[in-house]
Amino acid sequence: MDPHIRHWKVAIERFCAAPDPDYREMAKMIAEIATTDIDETLRHAAAQVLPILRQAALKSADRRTQSMALRRLGIVSDVLHMLSAPQFGRRGLAPKALTQEERYRQLLGLPLGRRLAATEVHQAFKRAAKTVHPDGGGNGPAFLELAAARDALIKHH
């Protein structure tokens, strides 16, 4: 986790827990977050919160404006929490690359895990060709790719 994220998260928690928070200091920190290149969502959230924090930092700000600023600061806090939370499982992994046969099956809309009959492949080709054929509103290269998929699957099985 980025040390800036940890620092910002702790600072926001302290700010929200303080009995008389310093809105001017928090506005400076949120302006710093808005210019960072750590995460686009974080920058966007900080840019949304910054105007109300600046209004709350004014001496003429009323309690309602300050309360609104605290609620909006929760947006930045949520994004910081999301960035600092551990990511479990396979969320960051790229999907498995498909084999040529699997791509052909996917193109024709056929199931991946079982043996296919030639008639089944041909029927799937006819269904898909209705939309991909140039006379049906499709384009030539896509139709040729579909025909190549049909031929390869029929030859393979």
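Me: Helices (H or I, at least four residues) and strands (E, at least two) are DSSP runs, numbered from the N terminus. Which helix does D151 lie in?
Reply: D151 lies in helix 7. This is a predicted model, where local features need pLDDT of at least 70, side-chain atom pairs count only at pLDDT 80 or more, and totals for chains, interfaces and linings use all residues. Residues are numbered from 1 along each chain as its sequence is written, and side-chain values use heavy atoms, with hydrogens and water left out.

Me: Is D151 buried or exposed?
Reply: In between. D151 is partly exposed because its relative accessibility is 39%. Buried is under 20% relative accessible area and exposed is over 50%, with a 1.4 Å probe and protein chains only.

Me: How many residues apart along the chain are D151 and V121?
Reply: 30 residues. In space, their C-alpha atoms are separated by 9.0 Å.

Me: At what angle do helix 6 and helix 7 pack?
Reply: About 175 degrees, with the axes 10 Å apart. Axes are lines fitted to C-alpha atoms, for helices over the stretch in contact, and angles run from 0 to 180 degrees between N-to-C directions. That angle makes helix 6 roughly antiparallel to helix 7. The cut-offs are under 35 degrees for roughly parallel, over 145 for roughly antiparallel, 65 to 115 for roughly perpendicular, and oblique for the rest.

Me: Which residues of helix 6 and helix 7 meet?
Reply: On the helix 6 side, A118, V121, H122, F125, A128, A129 and V132. Helix 7 brings A142, F143, L146, A147, R150, L153 and I154. They are in contact, that is, heavy atoms within 4.5 Å.

Me: Switching topic. How many aromatic pairs are there?
Reply: Two. Rings of Phe, Tyr and Trp (its six-membered ring) pair if their centres lie within 6.5 Å; planes under 30 degrees apart are stacked, over 60 edge-to-face, the rest tilted. One pair is F15 with Y23, edge-to-face, at 5.2 Å centre to centre and 85 degrees between the planes.

Me: Why does F15 count as buried?
Reply: F15 counts as buried because its relative accessibility is 6%. Y23 is buried too, with a relative accessible area of 7%.

Me: And F125 with F143? Why is the pair tilted?
Reply: Their planes are at 45 degrees, so the pair is tilted. The ring centres are 5.9 Å apart. This pair links distant parts of the chain: F125 is in helix 6 (residues 118–132) and F143 in helix 7 (residues 140–156), 18 residues apart.

Me: What lies over the face of F125?
Reply: R150, at 4.1 Å from the ring centre. The rule asks for NZ of Lys or CZ of Arg within 6 Å of the ring centre and within 35 degrees of the ring normal. F125 is itself buried, with a relative accessible area of 8%.

Me: How do helix 1 and helix 2 pack?
Reply: Helix 1 (residues 3–17) and helix 2 (residues 23–34) pack at about 155 degrees, axes 11 Å apart. That makes helix 1 roughly antiparallel to helix 2. W8, A11, I12 and F15 meet Y23, M26, M29, E32 and I33.

Me: Where do the axes of helix 2 and helix 3 come?
Reply: Within 8 Å, crossing at roughly 155 degrees. That makes helix 2 roughly antiparallel to helix 3. Y23 is among the helix 2 residues making the contact, and A56 is one of those from helix 3.

Me: What is Q66 in contact with?
Reply: Y23, A56 and A61, leaving aside neighbours within four places in sequence. Q66 lies in helix 4 (residues 63–84). Q66 is buried, at 14% relative accessibility.
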